[in-house]
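Biologist: Please take me through this structure step by step, and explain each technical word when you use it.

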Amino acid sequence: MQSILPKKIFEDWKDSIDGQSDGLVSNQYCDQDVSIRLPSLAPPRALPSYPLRISDPLPIPQLSTLLNLLNQALDIIDVSAYTGDPKNGAFISGQLRLLADTIDEAKSVMKGGEDVVGGKWWEDDRAGDETIYTPALPPNLSPHVTLTPSSLLLTIRTLYPIQSPSTPNSSSTPTSSTGTSFTSLSLRSRLTQILAPPPVPTHDEADRVFVYRGQEVRVRDKVRVESQDPSLMAVGAKLSAVGHAVEGWRWKVSIVRGERMEEDA
């Protein structure tokens with residue numbers, strides 16, 4: 001019996017993905033300047049907004065996971081093309097299913113959200129790292145960088161502590177037993193909050209309680225800064241195209257083997 005899946009198909013796909021994983025995907029975010037204007041964040045004296053600069057490389061767990069999954073996909077192709085038996089239908093079918101699952105996982109990572117690695121902003125303890133952010137962040141400011149399917153997303157939150165304990169059903173998770181005082185705000189910030197109390201929050205996290213750096217907090221203000229990234233757009237398009245191709249190969253192999261391909265949930 002001839003090879004069910006020609007080796008060249010794997011080689012062509014590997015060559016097309018190699019360019020994305022080697023050159024277009026990085027796992028760090030750096031050298032960005034942002035000017036923040038929020039009612040609950042007083043800017044430095046004589047400045048119209050609060051300046052924030054990410055001066056030191058900031059690793060993004062989602063990008064690291066995405067790169068790892070791309071490398072796993074390349075390893076699956078190498079095993080299928082050079083190590084396994086290309087004439088064994090069961091082996092090829094299993095490798096295609098594994099490849100499809102890996103691609104689906106990579107696409108899921110690119111979608112972002114709290115369920116992916118690095119998606120829980122309250123578990124990010126790098127806000128206190130003075131080597132990353134310039135100037136050093138005030139204790140009530142939490143920047144968090146994540147991915148969307150085609151862009152990098154910087155979400156900036158201002159926080160305020162609460163006195164009552166969080167509810168048992170709170171979705172937040174403590175990450176550190178070392179508390180950080182939120183009472184060390186400047187006199188100017190305190191007077192601003194007393195004389196001009198901020199409005200009631202209306203964002204999607206207004207009713208949630210989080211444990212951030214050892215203290216229970218709520219989110220006062222929340223703003224998103226989204227930056228389109230051509231590299232991420234290219235990787236997303238490539239994953240979608242190859243995902244469809246792999247599903248087509250799986251269907252053809254199942255026909256040759258006289259089996260019914262399992263439908264993904």
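**Reading the model**

Biologist: Is Thr 146 buried or exposed?
Modeller: The relative accessible area of Thr 146 is 11%. A residue counts as buried under 20% relative accessible area, as exposed over 50% and as partly exposed in between, using a 1.4 Å probe and the protein chains only. Since 11% falls under that limit, Thr 146 is buried.

Biologist: What pLDDT do local features need here?
Modeller: Residues are numbered from 1 along each chain as its sequence is written, and side-chain values use heavy atoms, with hydrogens and water left out. This is a predicted model, in which totals for chains, interfaces and linings use all residues, side-chain atom pairs count only at pLDDT 80 or more, and local features need pLDDT of at least 70.

Biologist: In which strand is Thr 146 placed, and which residues does it touch?
Modeller: Helices (H or I, at least four residues) and strands (E, at least two) are DSSP runs, numbered from the N terminus, and by this numbering Thr 146 belongs to strand S6, residues 141-148. A contact means heavy atoms within 4.5 Å. Leaving aside residues up to four places away in sequence, Thr 146 touches Gln 62, Gly 118, Ser 151, Leu 152 and Leu 153.

Biologist: Which residues of helix H2 are buried?
Modeller: Helix H2 covers residues 61-83, and its 23 residues reach 31 Å from the first C-alpha to the last, close to the 33 Å expected at 1.5 Å a residue; the expected span is 1.5 Å times one less than the number of residues. An α-helix has 3.6 residues a turn, so residues three or four places apart point the same way. The buried residues in H2 are Gln 62, Leu 63, Leu 66, Leu 69, Leu 70, Ala 73, Leu 74, Ile 76, Ile 77, Ser 80 and Ala 81.

Biologist: Which side chains of strand S3 are buried?
Modeller: In a regular strand the side chains alternate between the two faces of the sheet. Strand S3, residues 50-54, shows this alternation, with Pro 51 and Arg 53 pointing to one face without being buried. The buried side chains, which point to the other face, are those of Tyr 50, Leu 52 and Ile 54.

Biologist: Which are the edge strands of the sheet that holds S3?
Modeller: Two strands pair if DSSP finds at least two bridges between them; 5 bridges join strand S2 (residues 32-36) to S3, where Val 34 stands opposite Leu 52, and 2 bridges join S3 to strand S5 (residues 133-134), where Ile 54 stands opposite Tyr 133. The result is an open, antiparallel sheet of 3 strands in the order S2-S3-S5. Each edge strand pairs on one side only, and these are S2 and S5.

**Aromatic rings and the hairpin**

Biologist: How many aromatic pairs are there, and how far apart are the ring centres of Trp 121 and Tyr 212?
Modeller: Rings of Phe, Tyr and Trp (its six-membered ring) pair if their centres lie within 6.5 Å, and planes under 30 degrees apart count as stacked, over 60 as edge-to-face and the rest as tilted. The whole structure holds 4 such pairs. In the pair of Trp 121 and Tyr 212 the planes meet at 45°, so the pair is tilted, and the centres are 5.6 Å apart.

Biologist: Why does this pair tie together distant parts of the sequence, and how many residues apart are they?
Modeller: Both residues are buried, Trp 121 at 2% relative accessibility and Tyr 212 at 0%. Because Trp 121 lies in the loop between helix H3 (89-111) and S5, whereas Tyr 212 lies in strand S8 (residues 210-212), the pair ties together parts whose separation in sequence is 91 residues.

Biologist: Which residues form the aromatic cluster?
Modeller: The rings of Trp 122 and Phe 210 make a tilted pair, with centres 4.9 Å apart and planes at 40°. Trp 122 is in the loop between H3 and S5 and Phe 210 is in strand S8, 88 residues apart. One aromatic cluster is formed by Trp 121, Trp 122, Phe 210 and Tyr 212.

Biologist: What is the phi of Arg 213?
Modeller: Strands S8 and S9 (residues 215-228) run antiparallel and are joined by 3 bridges, with Phe 210 opposite Val 217. They form a hairpin with 2 residues between them, and Arg 213 in the turn has a positive phi of about 55°.
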